[in-house]
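This report introduces a protein structure to a reader who has not met it before. The sequence and the structure are shown first, and the description follows.

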Amino acid sequence: MSEPTTVLSGDRQRLFLAIWPDAALAARLHELTRRTLPPGQGRAIETRNLHLTLAFLGSVEPTCRSCVESLAGEQRPPAFTLIFDCLGYWPRSHLLWAGCSQPPAMLRSWVDHLRGALRRCGLEPETRPFKAHLTLARNVRRYSGIGRGGRVAARMRHERVDDVAPVEWPVTALMLVSSETRPHGARYTILREWPLG
């Protein structure tokens with residue numbers, strides 16, 4: 001987190017709002033990936049890069065960043081816990097992810113608030129329904145499941161989902177994060193943190 005922030009042309013930065021697991025939880029999620037992913041069948045996300053994106057800003061100028069910073073912290077939920085109880089695989093994008101089968105309603109309301117903040121700052125946020133998921137691995141060309149009753153989700157064709165032993169994630173803060181693309185993958189830097197109520 002001590003590395004310089006990502007600076008693009010004209011001092012623009014590629015930014016997103018996210019929640020970040022602590023080191024112990026990130027290690028558990030990384031171990032889950034290691035146990036699930038066949039050797040040589042994908043690239044696990046580095047432990048330090050595991051996160052759940054709530055709203056993506058894109059490449060923005062300092063004035064836009066300041067606007068988002070002033071609005072993002074206006075309405076924060078009390079601290080809460082996410083229960084990650086399934087693994088999913090999207091063949092089209094070759095992603096293995098962990099998700100919540102029953103995300104708390106306050107999470108969706110919070111994401112709606114953050115998307116509204118982006119609109120008020122002149123940005124165009126994602127319009128698809130929010131799906132609480134955390135990417136565990138990329139470039140996964142084959143995923144046969146973990147032998148615990150894989151199913152196909154009704155809304156997403158060709159999606160494979162498996163139940164796993166629940167992993168609890170105590171959510172205590174919102175982060176503003178910069179993203180820098182490097183030859184060996186993305187590098188993220190937390191720029192600001194808002195504690196939850």
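A pocket is an open set of grid points with protein on both sides within 12 Å along at least five of seven lines, and its lining residues have an atom within 4 Å of a point. The structure described here is a predicted model.

**Overall architecture**

The secondary structure of the protein comprises 3 helices and 10 strands. Along the sequence, these elements follow the pattern β-α-β-β-α-β-β-α-β-β-β-β-β. The protein has 197 residues, of which 46% count as buried.

**The second largest pocket**

The volume of the second largest pocket is about 160 Å³. Its lining is made up of Ile19, Trp20, Pro21, Asp22, Leu25, Trp169, Pro170, Val171, Thr172, Ala173, Met175 and Glu193. Two or more lining residues come from each of strand 8 (160-171) and strand 9. Strand 8 gives the most, with 3 residues. By character, the lining of this pocket divides into 9 nonpolar, 1 polar and 2 charged residues.

Strand 9 (residues 173-182) also holds serine 178. The relative accessible area of serine 178 is 0%, so this residue is buried, given that buried means under 20%. Serine 178 is 164 residues away from arginine 14 in sequence, yet their C-alpha atoms are 5.6 Å apart in space.

**The helices**

Two of the helices can be checked by comparing the span expected at 1.5 Å a residue with the distance between the end C-alpha atoms, as in the table.

| Helix | Residues | Number of residues | Expected span | Distance between end C-alpha atoms |
|---|---|---|---|---|
| Helix 1 | 23-36 | 14 residues | 20 Å | 20 Å |
| Helix 3 | 105-120 | 16 residues | 22 Å | 23 Å |

The distance agrees with the expected span in helix 1, and the two values also agree in helix 3.

The buried residues of helix 1 are Leu25, Ala26, Leu29, Leu32, Thr33 and Thr36. Viewed down the helix axis, these buried residues fall within an arc of 115°, and they therefore line one face of helix 1. The face turned away from this buried side carries the exposed residues Ala23, Ala24, Arg34 and Arg35. Leu25, buried in helix 1, is also one of the residues that line the second largest pocket.

In helix 3, the buried residues are Leu107, Trp110, Val111, His113, Leu114, Arg115, Gly116, Ala117 and Leu118. Glycine 122, just after helix 3, takes a positive phi of about 85°.

Helix 2 (residues 62-72) includes proline 62. With a relative accessibility of 42%, proline 62 counts as partly exposed. Proline 62 and aspartate 11 are 51 residues apart in sequence, while the distance between their C-alpha atoms is 7.0 Å.

**Strand pairing**

Strand 4 (residues 80-90) has 9 buried residues out of 11, so it is largely enclosed by the rest of the structure. Strand 4 runs antiparallel to strand 5 (residues 95-99), and 5 bridges join the two. Within this pairing, tyrosine 89 stands opposite leucine 96 of strand 5. The two strands form a hairpin with 4 residues between them. Histidine 94 is placed in the loop that separates strand 4 from strand 5. The phi of histidine 94 is near 60°, a positive value in a residue other than glycine.

Strand 5 also pairs with strand 6, in the antiparallel sense and over 4 bridges. In this pairing, tryptophan 97 stands opposite threonine 135 of strand 6. Strand 6 pairs in the antiparallel sense with strand 2 (residues 43-44) as well, over 2 bridges. Here the bridge partner of arginine 43 is arginine 138 in strand 6.

Asparagine 139 lies in the loop between strand 6 (133-138) and strand 7 (151-152). Although asparagine 139 is not a glycine, its phi is positive, at about 55°. Asparagine 139 counts as partly exposed because its relative accessibility is 41%, and partly exposed residues lie between the limits of 20% and 50%.

Conventions
Residues are numbered from 1 along each chain as its sequence is written. This is a predicted model: local features need pLDDT of at least 70, side-chain atom pairs count only at pLDDT 80 or more; totals for chains, interfaces and linings use all residues. Side-chain values use heavy atoms; hydrogens and water are left out. Buried means under 20% relative accessible area, exposed over 50%, partly exposed in between (1.4 Å probe, protein chains only). On a 1 Å grid over the protein atoms alone, a cavity is a set of points where a 1.4 Å probe fits but cannot get out, and a pocket is an open set with protein on both sides within 12 Å along at least five of seven lines; lining residues have an atom within 4 Å of a point. Grid points are joined across faces, edges and corners, and a volume is the space filled by probe spheres set on the points. Ala, Val, Leu, Ile, Met, Phe, Trp, Tyr, Cys and Pro count as nonpolar, Asp, Glu, Lys and Arg as charged, and the others, Gly among them, as polar. The expected span of a helix is 1.5 Å times one less than its number of residues. The arc is that of the directions from the helix axis to the C-beta atoms. Two strands pair if DSSP finds at least two bridges between them.
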